[in-house]
Amino acid sequence: MKIKIRKKIRSFTKSIKRKYLNLTDRIDRITARSIDIKDCESVCLALGPYRNLTTLTAATLFLHPNCQVLNHAGNRIYGNRHVDFLSNYSEERLNHFIQFAIKISGKGRGGYVGGSITYSHAFDSKHEIKNEFAKTGLELKKRKIKCLFWKESLLTSNLIREKNVDLRRIFEKEVRLRFIMPIRNPLDCAISNLKTGHVDQFRVLNRNSSVFEVMQAILDEIHWFASQKKNFPNRFFYYFENSISREMLANLASFLKLDPNEVWLSNAMAVMIAKSNYEHDDALLSFYRETVNDKFSQFPALSEKLLKFN
């Protein structure tokens, strides 16, 4: 009896929180209409698996004085006819999304509810990003926003494929939209997804999936992104965790229509450090090599870089 009561209380509490969030989102959508977005030249969405350096990328970009970052909140945006511009594109809907994203990125909480990137684990006290952001003196909502970056990677990738989003049609009408995928060591990424439970976000995987299956799904994501980049080279950007450099960061800034100024580049280099603590057995390494060689035969340069993780 007590267990049933506790379940009912939890269910009731979740329902109240969901209704409250829906109400505040509705208010934020209305009040956000007054936000001036004339300076926003690019809207960039992360794609690919979670646990793939997207949080590090987003936090690093947030150190730029002209980049606003929205963390998660996909369940509050996709399916919402007012701001879901990918499912049903219009310039008006994208503008409303930008305004709403800017509004809610100045507050929020951690997890999938989302909001400000400062609620993510990248801003934990043990990481340098929190200190670097404090040194910049920047506010949670930037005064002049030239780029909006949204970190909701796999949910967005899944939606594009499931709804057969016609990116070509959107690109023909919309110059601001672009996509990015950081590429962490796929072997490390696979183990991390299993350890954290983020594997559940893949369409056909779950926590009982093998590391071989998860790694293969991650490589599928990379291959799909590479195929999109081949079709739309100016709208897709990827980088590897072992290729982080000032040159890469400058190229990333230019891709996002941001000024690659020396202050940001120095700050970015100070915090953009990817660490790997995983070791992999011979069977997994062999499977990785075989899969990369087979899957990426049409992308020899990409294949070569992926094999460097082996």
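This section describes a central strand, the main pocket, the cysteines and the salt bridges of a predicted model.

Strand β5, which spans residues 177–183, is mostly covered, with 7 of its 7 residues buried. The side chains of this strand are divided between two directions, Leu-177, Phe-179, Met-181 and Ile-183 pointing one way and Arg-178, Ile-180 and Pro-182 the other way, and the residues of both sets are all buried. Strand β5 has pairing partners in both β1 and β6. With strand β1 (residues 42–46) the pairing is in the parallel sense and runs over 4 bridges, and within this pairing Val-43 stands opposite Leu-177. With strand β6 (residues 236–240) the sense is again parallel, here over 5 bridges, and Phe-237 in β6 serves as the bridge partner of Ile-180.

The largest pocket of the model has a volume of about 960 Å³. Its lining is made up of 32 residues, and those that lie nearest the centre of the pocket are Arg-51, Leu-56, His-121, Ala-122 and His-127. In terms of residue character, the lining comprises 12 nonpolar, 13 polar and 7 charged residues. Three helices, namely α2 (54–62), α5 (128–136) and α11 (262–271), each supply at least two residues of this lining, and the largest share, amounting to 3 residues, comes from α2.

The structure holds 0 disulfides, a result that can be followed for individual cysteines through the separation of their sulfur atoms. A disulfide is a covalent bond between the sulfur atoms of two cysteines, and the cut-off applied here requires the two sulfur atoms to be within 2.5 Å. For Cys-40, the closest cysteine sulfur is that of Cys-147, and because the two sulfur atoms are 6.7 Å apart, they are too far from each other for a bond. For Cys-189, the closest cysteine sulfur belongs to Cys-44 and lies 18 Å away, which is likewise too far for a bond. Both of these cysteines are buried, Cys-40 having a relative accessible area of 5% and Cys-189 a relative accessibility of 0%.

Side chains of opposite charge can pair when their charged atoms come close, and the structure holds 11 salt bridges. One of them joins Asp-28 to Lys-107, with the closest N and O atoms 2.8 Å apart. Asp-28 lies in helix α1 (residues 2–32), whereas Lys-107 belongs to the loop between α4 (91–104) and β3 (115–116), so that this pair ties together parts that are 79 residues apart in sequence. The two partners fall into separate accessibility classes, as Asp-28 is buried at a relative accessible area of 6%, while Lys-107 counts as partly exposed at 38%.

Two further salt bridges may be set beside this one. The side chains of Arg-176 and Glu-174 meet with an N to O distance of 2.7 Å, and in this case both partners are buried, Arg-176 at 11% relative accessibility and Glu-174 with a relative accessible area of 4%. In the salt bridge between Lys-38 and Asp-36 the corresponding N to O distance is 2.9 Å, but here both Lys-38 and Asp-36 are exposed.

Methods
Residues are numbered from 1 along each chain as its sequence is written. This is a predicted model: local features need pLDDT of at least 70, side-chain atom pairs count only at pLDDT 80 or more; totals for chains, interfaces and linings use all residues. Side-chain values use heavy atoms; hydrogens and water are left out. Buried means under 20% relative accessible area, exposed over 50%, partly exposed in between (1.4 Å probe, protein chains only). Two strands pair if DSSP finds at least two bridges between them. On a 1 Å grid over the protein atoms alone, a cavity is a set of points where a 1.4 Å probe fits but cannot get out, and a pocket is an open set with protein on both sides within 12 Å along at least five of seven lines; lining residues have an atom within 4 Å of a point. Grid points are joined across faces, edges and corners, and a volume is the space filled by probe spheres set on the points. Ala, Val, Leu, Ile, Met, Phe, Trp, Tyr, Cys and Pro count as nonpolar, Asp, Glu, Lys and Arg as charged, and the others, Gly among them, as polar. A salt bridge is a side-chain nitrogen of Lys or Arg within 4 Å of a carboxyl oxygen of Asp or Glu.
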